[in-house]
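Here is a short report on one protein chain and its ligand. Have the structure open as you read.

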Amino acid sequence: MDKMRLLTPGPTPMPEEVRLTLAMDMVHHRKPGFTALLGEIQKDLRWLFGTSQPVVAMSSSGTGAMTAAATNLFAKGDQVIVIEGGKFGERWGEIASTYGLDAAIVSVPWGKAITVDHLRAALEKFPKAKGILVQASETSTGVLHPIKELAAFTRERDVLLVVDGISAVGISPCPMDEWGVDCLLTGSQKGLMLPPGLSFLALSERAWKRVEEVKPREFYFNLLGEREKIVKNSQTLFTPPINLLMGLHTCLAMFKEQGLENVYRRQWALTQLVRSAARAMGLELFAEEHFTWGLTSIRLPEGVDGSAVLQCCAERYGVVLAGGQGAMKGRIVRFGHMGHVDYGDVLAGLHALASALEACGGYTAARDYMEQGMRAYEAAMAGGYPE
Ligand SMILES: *Cc1c(COP(=O)(O)O)cnc(C)c1O
């Protein structure tokens, strides 16, 4: 049997060090050994998020942190601008409506990123908006929104920039304090190389002030309560997923050992590898200009059955790729390369994709795609990555 290679944009494969940590026996979450561990995790999370403010860890998938942001930062009836350029942008809109926020939807064509001009026009149209809800990386399309530029604009105005960084944190840079992001959140099963079940959220100083003003309406996702616990005694409000946090400690130690720069460089280089190879295969990329570093969205040639391609990759080669979501179902392949994935996994994935396309679509890929891809990878590893 072939080794299974999970090349999806979450969940992602786990390093052996993390898996071994996860297998450890239970400890008590209010005793000194574990609170000391939480103290270290807190320090490392602030480093990863690039913030001096507390980073709250919650037991939920990433959507729980999105919900916590919406309900703690905004009161019922508050207007928020939702940047909707894919499935996860739509989720922001659904969460906002569910909790009685007035969601002003700003649509961006799928495959494209929001621009500062577009955002400025939206704020002129909705001047009362108290927040902007956006993704750093829109995982359904493979687009990277220009958070640094958006933050440079919003930090000068009385509007909070709330960023779903679920497929960006630990994958591409998003230093919160330096850029002026007001809320950055993520989940455990993407760049952090852990099982699903933990989510993280950090706020700027002015965002914390807003939380203090908004009437609490969550018992479980209570950010003020969590902050108090972190600051006072390095604990969480409720029983946390203890083993996942131990795994997180290991993951953060691995990040520290490599240095964030090298983590980002590798992610960027893998992106270059997949993009160059896909182009050399004669395939079109879905996100052309502003693309995510943790996955590559690739258009399927006309007439090719997307689900048959994915099935062939999994059954013949043990390579698990993701398809399109929503309107893009069956039309794109989402090739994940985030977290604990290396060039060898990616080459296996590319071979599986090229072979499956030939088997399912009568499509013949160029033969030198691996060479072209590896050349782009080596060049990126030797160089830097863009800001
Ligand atoms: C994966 C993902 C989510 C959903 O997270 P869950 O952990 O499934 O709740 C939300 N936003 C983005 C950008 C994602 O990549």
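## Ligand site

An oxygen atom of the ligand lies 2.4 Å from an N or O atom in the side chain of T139. The model is predicted, and the distances in this report are computed from it. A second side chain, that of Q189, places an N or O atom 2.8 Å from an oxygen atom of the ligand. G62 takes part through its backbone: one of its backbone N or O atoms is 2.8 Å from a ligand oxygen.

How many residues surround the ligand? The count is 14. The closest are S61, T63, T139, D164 and K190. T139 therefore appears both in this list and in the side-chain contact given above, at 2.4 Å, under a polar-contact cut-off of 3.5 Å.

## Two domains

The domain assignment splits the protein chain into domain 1 (16-257) and domain 2 (259-383). The contact between them draws 27 residues from domain 1 and 24 residues from domain 2. Their C-alpha centres are 28 Å apart.

Interface size is often quoted as the accessible area lost when the parts come together. Here, about 2100 Å² is buried between domain 1 and domain 2. Carbon and sulfur atoms give 65% of that area.

## What crosses the interface

Which polar links join the two domains across the interface? The rule finds eight residue pairs in polar contact, with both residues at pLDDT 80 or more. For salt bridges across the interface of domain 1 and domain 2, the count is zero.

Now take the side of domain 1 that touches domain 2. The elements that give two or more residues to it are α2 (32-49), α4 (87-98), β6 (137-138), β7 (143-144) and α10 (242-258). Of these, α10 gives the most, with three residues. By class, this side has 11 nonpolar, 10 polar and six charged residues.

## Salt bridges

The structure as a whole holds 12 salt bridges. One of them pairs K148 with E387, with the closest N and O atoms 2.1 Å apart. This pair links distant parts of the chain, 239 residues apart. K148 sits in helix α6 (residues 147-154). E387 belongs to the segment after α14 (369-382).

## Backbone features

Most residues other than glycine have a negative phi, and most peptide bonds are trans. Two places in this model are worth a look on that score.

Where is the cis peptide bond? It joins G10 and P11, with omega about -5°. P11 is in the loop between β1 (5-6) and α1 (16-22). The other place is M193, a residue other than glycine with a positive phi, near 60°. M193 is in the loop between β9 (183-187) and β10 (198-203).

## G77 and its surroundings

G77 is placed in the loop between α3 (62-73) and β3 (79-84). Which residues does G77 contact, leaving aside its neighbours within four places in sequence? They are G100, L101 and D102.

G77 can also be set against C360. The two are 283 residues apart in sequence. In space, they are 51 Å apart, C-alpha to C-alpha.

Conventions. Residues are numbered from 1 along each chain as its sequence is written. This is a predicted model: local features need pLDDT of at least 70, side-chain atom pairs count only at pLDDT 80 or more; totals for chains, interfaces and linings use all residues. Side-chain values use heavy atoms; hydrogens and water are left out. Domain bounds come from an automatic or database domain assignment. Contact means heavy atoms within 4.5 Å. Buried area is the accessible area (1.4 Å probe) that two parts lose on being put together, summed over both. A salt bridge is a side-chain nitrogen of Lys or Arg within 4 Å of a carboxyl oxygen of Asp or Glu. A polar contact is a pair of N or O atoms within 3.5 Å; within protein, one must be able to donate a hydrogen and the other to accept it, and residues adjacent in sequence count only if both atoms are side-chain atoms. Helices (H or I, at least four residues) and strands (E, at least two) are DSSP runs, numbered from the N terminus. Ala, Val, Leu, Ile, Met, Phe, Trp, Tyr, Cys and Pro count as nonpolar, Asp, Glu, Lys and Arg as charged, and the others, Gly among them, as polar. A residue is near a molecule or strand if one of its heavy atoms lies within 4 Å of it.
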